[in-house]
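Please open the model in your viewer and keep the selection panel at hand. The tour goes from one stop to the next, with a selection to make at each.

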Amino acid sequence: MSSSRRGLFRSAAQAAARAAIPDAVPGEPTASPDTLSPDELERYSRQLVLEQWGEAEQLRLRDASVLIVGAGALGSPVAAYLAGAGVGRIGIVDGDDVELSNLHRQHLHHTSEIGVSKAHGAAAKLQLLNPEVMVEPYQVRLDAGNAEGLVLGHDLIVDCSDTFATRYAVNAACCQTGAWLVEGGVVGVTGMVMSIRPGSSACYRCAFEAEPADAPTCAEAGVLGPAAGVVGSLQALEAMKLLAGVPGALLDAFLQVELLTGSFLRVATRRRDDCPDCGD
Ligand SMILES: [Zn+2]
């Protein structure tokens, strides 16, 4: 990210944090550009104490801008963990309203919010969880026509959508703009996760050239909440590793998870020269 973008996002995040904290002194910054404030050191202390995580990694997270596509079963854990971990700016795209049948697996939403916009409901709760971060709701369904516009301005996209059409639209937009991408999907008790750096690692279409025939939807095949929780948590972890520069991300590989038997399989993949999204 350029230093000017970092500065812009940091200023906006600081302004949002000041507005959300009642006893903050107007005009007094809550964080300096190069260090963590005492409150941030305490809030993030359990990750800062990790051998793989320190102030540099935390500052990279604070400087980052992430777009989460879908505020449902995968988006709920992704958004909660990334806001809690201190990603500085988080956008949430979802055009749907909360339905009763969502609530067994979409824990960012409550029964009292049936009929309320998922994007706005999720954003409100994330802001309560962590007022230090800036959260922007986008009440719209992402499609091939608006994907690039939504992706632009974000460092990393976490795709928590529930259709192959949306997944391919997000992948194409990331290949066009260069935004990093964490893909994920779950149905029943099986799922997958894949990280992508367009131009340097295999993209989603490199690994999955076309939508599988007769792929069931969650409405048809069902899904267990904890299975979506596992896949969404893995997506959040991948996003944090990529943003902070911690090695081990699922690049040129995807992880298949089968949660009835508890099996995790890392499958290698690679870029294809003839890929219509990222090929040469
Ligand atoms: Zn590709």
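In this predicted model, begin by selecting strand 1 (residues 65-69) together with strand 4, which pair in the parallel sense over four bridges. Within this pairing, look for I68, which stands opposite V158 of strand 4.

Keep V158 in view and add strand 5 (residues 180-187), which pairs with strand 4 in the parallel sense over three bridges; here the bridge partner of V158 is V182. Next, add helix 8 (residues 164-177), and you will have the right-handed β-α-β unit that strand 4, helix 8 and strand 5 make.

Now show the side chains of strand 4 (residues 156-159) alone: are its two faces covered or open? Both are covered, since L156 and V158 on one side are buried, as are I157 and D159 on the other.

For the last stop, select the zinc ion and display the four cysteines that coordinate it through their SG atoms, C203, C206, C275 and C278, at 2.2 to 2.3 Å. The angles among the four donor atoms are 95 to 117°, and the site is tetrahedral. Along the chain, the donors follow the spacing C-x2-C-x68-C-x2-C, and one pair among them links distant parts of the chain: C206 lies in helix 9 (residues 204-207) and C278 in the segment after strand 8 (263-268), 72 residues apart.

Finally, colour these two cysteines by accessibility. C206 counts as buried because its relative accessibility is 7%, under the 20% cut-off, and C278 counts as buried because its value is 9%.

Note on methods. Residues are numbered from 1 along each chain as its sequence is written. This is a predicted model: local features need pLDDT of at least 70, side-chain atom pairs count only at pLDDT 80 or more; totals for chains, interfaces and linings use all residues. Side-chain values use heavy atoms; hydrogens and water are left out. Buried means under 20% relative accessible area, exposed over 50%, partly exposed in between (1.4 Å probe, protein chains only). Two strands pair if DSSP finds at least two bridges between them. A crossover is right-handed if, with the strands pointing away from the viewer, the path from the first strand over the helix to the second runs clockwise. Donors are N, O and S atoms within 2.8 Å of the metal (3.2 Å for Na, K and Ca); water is not among the atoms, so sites may look incomplete. Four donors count as tetrahedral if all angles lie between 85 and 135 degrees; four count as square planar and six as octahedral if opposite donors are over 155 degrees apart and all others between 65 and 115; anything else is irregular.
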